[in-house]
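Good morning, everyone, and thank you for making the time. I would like to walk you through one structure slowly, so please have a look at it on the screen before I begin.

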Amino acid sequence: MSGSAFNAFKSRVPVAWSPRLYITLVRGLPGTRRLHRRTLEAMRLRRCHRTVEHRTTPSLLGMLTQVKRLVAVETEEMYNARKQAEAERRAPRPPLVVSHHPPPPTPKPAAAAAEGAATTAQ
């Protein structure tokens with residue numbers, strides 16, 4: 001087995017190189033090493049489920065390697081797709097109109113009525 005469901009998800013998502021990375025803190029800071037806490041503080045991650053945007057640099061990649069079990073990393077495309085899906089889920093739906101009266105009968109057009117009379121006469 002490959003481990004967690006998140007790792008299985010990450011293995012299916014094609015990760016391409018991106019000039020910007022979106023980093024989200026997904027685990028809490030209590031109980032972590034001081035070095036990891038200082039690394040997260042340097043990346044401006046102070047609270048859980050907060051996302052920051054950084055340029056992709058070798059020093060940032062080294063910091064991510066150090067705290068990879070505490071964060072989730074997304075490329076620009078992945079981040080934009082996730083935000084768009086969230087916006088679609090939260091969008092207000094059109095109002096549901098309920099009418100308790102039966103719809104009025106629709107009158108038949110004159111041409112259709114004439115054809116119906118002609119077919120019954122034959």
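Let me start with helix H2, which covers residues 34-42 and in which His-36, Thr-39 and Leu-40 are buried. I should say at once that what we are looking at is a predicted model. If you look down the axis of H2, its buried residues fall within an arc of 95°, so they line one face of the helix. The face turned away from that buried side carries the exposed residues Arg-34, Leu-35, Arg-38, Glu-41 and Ala-42. What, then, covers the buried residues of H2? The cover includes strand S1, helix H3 and strand S3, the last of these being residues 71-75. Just after H2, you will find Arg-44, which takes a positive phi of about 65°.

Now let me step back to the whole chain, which has five helices and three strands. Starting from the N terminus, these elements run in the order α-β-α-β-α-β-α-α. Of the 122 residues in the protein chain, buried residues make up 21%. If we take the contacts with a separation of 6 or more, 74% of them are accounted for by residues 24 or more positions apart.

Next comes the nonpolar core. In soluble globular proteins, nonpolar side chains tend to be buried together. Here, the largest nonpolar core has 12 residues, among them Leu-21, Ile-23, Leu-25, Leu-40 and Leu-70. Both S1 and helix H3, which spans residues 58-66, supply at least two residues each to this core, and S1 gives the most, with three residues. Leu-40 therefore appears twice in my account, as a buried residue lining one face of H2 and as a member of this core. Leu-70, leaving out residues up to four places away in sequence, touches several residues, including Leu-25, His-36 and Leu-40.

Finally, let us turn to Arg-20, which lies in strand S1, residues 20-25. Is Arg-20 buried or partly exposed? Arg-20 has a relative accessible area of 32%, and because buried means under 20% and exposed means over 50%, Arg-20 counts as partly exposed. The side chain of Arg-20 makes a polar contact, at 3.2 Å, with the side chain of Glu-53. Arg-20 and Glu-76 are 56 residues apart in sequence, and yet in space they are 6.3 Å apart, C-alpha to C-alpha. Beyond its neighbours within four places in sequence, Arg-20 is in contact with residues that include His-54, Thr-56 and Glu-76.

Note on methods: Residues numbered from 1 in each chain as written. Predicted model: local features only at pLDDT ≥ 70, side-chain atom pairs only at ≥ 80, totals over all residues. Heavy atoms only, no water. Helix = DSSP H or I, 4+ residues; strand = E, 2+ residues; numbered from the N terminus. Buried < 20%, exposed > 50% of the residue type's maximum accessible area, 1.4 Å probe, protein only. Contact = heavy atoms within 4.5 Å. Polar contact = N/O pair within 3.5 Å; in protein donor to acceptor, adjacent residues only side chain to side chain. Core = buried A, V, L, I, M, F, W, Y, C linked by side-chain atoms within 4.5 Å. Arc of directions from axis to C-beta.
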